[in-house]
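Hi everyone, thanks for making time today. I'd like to walk you through one structure, strand by strand and then charge by charge. Let me put it on the screen.

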Amino acid sequence: MISEASRPYIDASVPVLREHGLAITRLFYANMLGARPELTRLFNMGNQASGAQQQSLASAVFAYAANIGTPEALGPVVKRIVHKHVSIGIRAEHYPIVGKYLLESIAATLGDAATPALLDAWKEAYNSLAKLLIAAEAEMYSSAGIDPGATRPMRVLEVVRESANVLSIRFEPADGKPLADFQPGQYVSVAVDLPGGRHQLRQYSLSDQPGIGSYRISVKREDALADTPAGEVSNWLHANVQPGSILQVAHPFGEFTPDTEGDAPIVLLSAGVGITPMVSTLKRIAAVNPQRRVIFAHAARDPGHHALRAEVDALKAAMPNLAVLNFYEDLQGSADGLEGRLDVARLPAWPLEQALVYLCGPHKFMQAQWLALINAGVPVARLHREVFGPELLDHLL
């Protein structure tokens, strides 16, 4: 991806980025968004406020440097980035802007250590990656038949309370034209105009099966925490959306697409609102191969915070080889739940070399389950995951 002359400078940057990466990305976002406030619409400002976006970019830059000689390791990450970029309307002209502020931030943070040769190497590395992303994103826009940033007006059909903090919103095209197809596991971007003229996009997994003439998203209301502000878009949707409302929604994208058409045993593990793509997956399997062996395990704070449970339970009658396990930190009197956090050791046995395992949930949940599955002997090649929010790239660090 880069010349032999530049490679030593990138390799030498790895320990420096481990130490100073977060300082670089904090300065990068502050300077770029300060100078180009119109770009705030492309970023989750909640993740900016919490620092998650800065940490994510620091991890990504470090992972790129540490793995620049192993494109096979970077491939899945690049694919994920391309889907995310296309979902929010990133254009080719955005890349020079990002490159300018990123290189300036590296220079300012490293001071005298940022020699002209090192900065030239990073400019080459960034431009190489940008060229790759621009080409892949152009191809994806073309395949989808859309322009960057395009959305469609969708009319809300129904709003359903699924749990204490999750609301399902079903919608169809307001113009009556057909919906774009999607694969279970994919998401759509929803555009919202907030007070003060601010425009924000958020991605939500589609939580029902494809081919039924409508889309459904199931939105968790993100409440304020000690170090994280309340989710502006999720709270706006909970407070304002009702049947008849019009939402601006982008084309479905996302590289997390569980194998719903095959025959291999499949294990679906989720926590919290991470259940949404798993329900879409399970419904599709029920439609095309109800005899398939499926283990569906979900973790929630308590039964009152367990969204979409009734839909999963309803599939048991049609799927004789479906095993459903629900883990609750607080059982609240539930007779069929398992107390505690999701524990791989408490799941039914499955053929480790044959089964496909998919995970979706909060970052700490993903870390814990990934490690537990590896320790249990599940081959890495059989593991797949979707993480809501910035991906911290632990498997590359």
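Let's start with a pair of strands: β2, residues 166–173, and β5 are joined by 6 bridges and run antiparallel. If you want a landmark there, find I169, which stands opposite I217 in β5. Please keep in mind that this is a predicted model.

Now zoom out a little. That pair belongs to an open sheet of 6 strands, in the order β4-β3-β6-β1-β2-β5, with antiparallel pairing. Which strands stand at the edges? They are β4 (198–205) and β5 (215–220), and each has a single partner strand, so one side of each has no neighbour in the sheet. From one strand to the next, the twist averages 40°. Helix α4, residues 71–88, lies across β3 (187–194) and β4, and runs at about 40° to β3.

Over to another set of strands. Strand β8 (residues 294–300) pairs with β9 in the parallel sense, over 7 bridges. Between β8 and β9 the chain passes through helix α9, residues 309–314, and this β-α-β crossover is right-handed. A300 stands opposite Y328 in β9. On to β10, residues 338–339: 2 bridges join β10 to β9, again running parallel, and here F327 stands opposite L338. Is β9 enclosed or open to the outside? Of the 7 residues in β9 (322–328), 5 are buried, so this strand is largely enclosed by the rest of the structure.

Now the charges, which I suspect you've been waiting for. The structure holds 18 salt bridges, and I'll pick three.

One is within a helix: D11 and R7 form a salt bridge, with the closest N and O atoms 3.0 Å apart. These two are 4 residues apart in helix α1 (residues 7–35), which means about one helical turn separates them.

Another is in the sheet: R170 pairs with E158, the closest N and O atoms being 3.2 Å apart. R170 sits in strand β2 and E158 in strand β1 (residues 152–161), 12 residues apart. R170 counts as buried at 14% relative accessibility, whereas E158 is partly exposed at 35%.

The last is R198 with E232, at 2.7 Å from N to O. Because R198 is in strand β4 and E232 in helix α7 (residues 232–240), the pair ties together parts 34 residues apart in sequence. Finally, salt bridges with shared partners join E158, R170, D208, R216, K283 and E311 into one network.

Thanks for listening!

Technical notes
Residues numbered from 1 in each chain as written. Predicted model: local features only at pLDDT ≥ 70, side-chain atom pairs only at ≥ 80, totals over all residues. Heavy atoms only, no water. Buried < 20%, exposed > 50% of the residue type's maximum accessible area, 1.4 Å probe, protein only. Pairing = 2+ DSSP bridges. Right-handed = clockwise from strand over helix to strand, strands pointing away. Axes fitted to C-alpha atoms, helices over the stretch in contact; angles between N-to-C directions. Contact = heavy atoms within 4.5 Å. Salt bridge = Lys/Arg side-chain N within 4 Å of Asp/Glu carboxyl O.
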